[in-house]
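Open the model in your viewer and keep the sequence panel beside it. The stops below say what to select next and what is there.

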Amino acid sequence: MIRELVLLSGVAYIIIALVQWVQNQTVQVEAVLFAGILVVLSLIHHAPDEERLKKIEMVGLWLAIALFVGYALLRAGGYL
């Protein structure tokens, strides 16, 4: 049930990104990039092996933490 909801939510956001692309041509690259990322993230939950899915989720979690820390350091350093 959760896997289908994640996939459905990904499809909804992809549609929103594509509508934004049609309405505003200046966000074309961002919309396509965002849609591609959403496709990858939505399909991750269809991994056949639970152990592999857990590893992928942990990598994603630590990547998000690292990006947040990097942003905080850049912000604190005055670069952003």
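## Starting point: Leu41

Select Leu41, which lies in helix α2; helices here are DSSP runs (H or I, at least four residues; for strands, E, at least two), numbered from the N terminus. This is a predicted model, in which local features need pLDDT of at least 70 and side-chain atom pairs count only at pLDDT 80 or more, while totals for chains, interfaces and linings use all residues. Residues are numbered from 1 along each chain as its sequence is written, and side-chain values use heavy atoms, with hydrogens and water left out.

Leu41 is partly exposed, at a relative accessible area of 47%. The scale calls a residue buried under 20% relative accessible area, exposed over 50%, and partly exposed in between (1.4 Å probe, protein chains only). Now add Val6 to the selection: its C-alpha atom is separated from that of Leu41 by 8.8 Å, with the two residues 35 apart along the chain.

## Helix α2

Next, select the whole of α2, residues 28-44. The 17 residues of α2 reach 25 Å from first C-alpha to last, close to the 24 Å expected at 1.5 Å a residue; the expected span is 1.5 Å times one less than the number of residues.

Which residues of α2 are buried? They are Ala31, Ala35, Leu38 and Ser42. These cover an arc of only 65° around the axis, so they sit on the same side of α2; the arc is that of the directions from the helix axis to the C-beta atoms. An α-helix has 3.6 residues a turn, so residues three or four places apart point the same way. Turn to the other side of α2 to find Val29, Leu33 and Val40 exposed.

## Helix α1 and the contact

What do the buried residues of α2 pack against? They pack against α1, so select residues 2-23. The 22 residues of α1 should span 32 Å at 1.5 Å a residue, and the end C-alpha atoms are 31 Å apart, which agrees.

In α1, colour Gly10, Ile14 and Ala17, which are buried. Their arc around the axis is only 60°, which puts them on the same side of α1. What covers them includes α2. Leu8, Val22 and Gln23 are exposed on the face of α1 turned away from its buried side.

Show both helices together. α1 and α2 pack at an angle of about 170°, with their axes 9 Å apart. They are therefore roughly antiparallel to each other, a term for angles over 145 degrees (under 35 is roughly parallel, 65 to 115 roughly perpendicular, the rest oblique). Axes are lines fitted to C-alpha atoms, for helices over the stretch in contact, and angles run from 0 to 180 degrees between N-to-C directions.

The contact (heavy atoms within 4.5 Å) includes Tyr13 and Trp21 of α1 and Phe34 and Val39 of α2.

## Last stops

Select Ile2, also in helix α1. Ile2 counts as exposed, at 64% relative accessibility. Its C-alpha atom and that of Glu30, 28 residues apart along the chain, are separated by 27 Å.

Finally, select helix α3, residues 50-76. Its 27 residues reach 39 Å from first C-alpha to last, close to the 39 Å expected. Just after α3, Gly78 takes a positive phi of about 85°.
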